[in-house]
Amino acid sequence: MRVGYGPDYGPRYALVADLVADHLGQPGSVLELCCGDLGLYHRLASRGLAGSYLGLEQAPAMLRRARRCGVDVRAFDVRAGGALPRAGAVIMQASLYQFHDIADALLPRLWEAARRLLLIAEPVRNVSQSRFAAARWIARILTRTDDRVHTFRYTETTLLDLYRRCGIPVSRLDRTPSGREVIVCSVRAP
């Protein structure tokens, strides 16, 4: 994860944690899908914002890591469709592209699960789309999941088009310092 996101790794987590703090205030319930290496959990915990954190993950290595860290992360297959637990903040980072073929159904599920805040951080400028074959190959290896290599990537335009199609409001749009990722924030009225 750190290699793939380079200088944006820390700033992205800081920005997402700031948005959680701004919209949930006190430590609230956070649901993170595809929580990976628990970078966000650690950032939230260091700021006292991990109140009731639940991660959902499919990768066995990440599930083992969470067990070793004592973090509540449960095995969950996003593609299987099951109901999502409700939480004050629902977050998915750098993973929506893996589900682009079901995104029109998935994004509304995420929004429904969010009591107050939905945050999607998604790469929109990608090394996997480089003009250099070696860079594309390395990027695709780094973003491969257990079941496939993902060649699809969103652009800012196609991501925002998805939100429009799904009828989900975009309350705020931020970019990481390098502009490689956008963070789309959707907030429900209190």
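The exercises below concern a predicted model and treat its strand β1, its nonpolar cores and its charge–ring contacts.

**Exercise 1.** Determine which strands pair with β1, and in which direction they run.

*Solution.* Begin with β2: five bridges join this strand to β1, and the two run parallel. Within this pairing, Leu31 lies opposite Leu54 of β2. The connection from β1 to β2 passes through helix α3 (residues 39-46), forming a right-handed β-α-β crossover. Next, consider β4, which is linked to β1 by four bridges and is also parallel to β1. Here Leu33 has Met92 of β4 as its bridge partner.

**Exercise 2.** Establish whether the two faces of β1 are covered or open.

*Solution.* In a regular strand, side chains alternate between the two faces of the sheet. Sort the residues of β1 accordingly: Ser29, Leu31 and Leu33 belong to one side, Val30 and Glu32 to the other. Each of these residues is buried, so that both faces are covered, where buried means under 20% relative accessible area.

**Exercise 3.** Describe the largest nonpolar core and the surroundings of Leu110.

*Solution.* The largest nonpolar core comprises 32 residues, and Leu33, Val90 and Leu110 are among those with the most contacts inside it. Elements giving two or more residues to this core include β1, β4 and β5. Helix α5 supplies the largest share, six residues. Leu110 touches Leu33, Leu84, Val90, Met92, Leu118 and Ile120, leaving aside residues up to four places away in sequence. A second, separate core has 30 residues, including Tyr9 and Leu40.

**Exercise 4.** Identify which rings lie beneath the charged ends of Arg153 and Arg188.

*Solution.* For Arg153, the ring is that of Tyr97, with its centre 4.1 Å away. For Arg188, the ring is that of Trp111, at 4.0 Å from the centre.

Definitions and conventions: Residues are numbered from 1 along each chain as its sequence is written. This is a predicted model: local features need pLDDT of at least 70, side-chain atom pairs count only at pLDDT 80 or more; totals for chains, interfaces and linings use all residues. Side-chain values use heavy atoms; hydrogens and water are left out. A charge sits over a ring if NZ of Lys or CZ of Arg is within 6 Å of the ring centre and within 35 degrees of the ring normal. A nonpolar core is a set of buried Ala, Val, Leu, Ile, Met, Phe, Trp, Tyr and Cys residues joined through side-chain atoms within 4.5 Å. Buried means under 20% relative accessible area, exposed over 50%, partly exposed in between (1.4 Å probe, protein chains only). Contact means heavy atoms within 4.5 Å. Two strands pair if DSSP finds at least two bridges between them. A crossover is right-handed if, with the strands pointing away from the viewer, the path from the first strand over the helix to the second runs clockwise.
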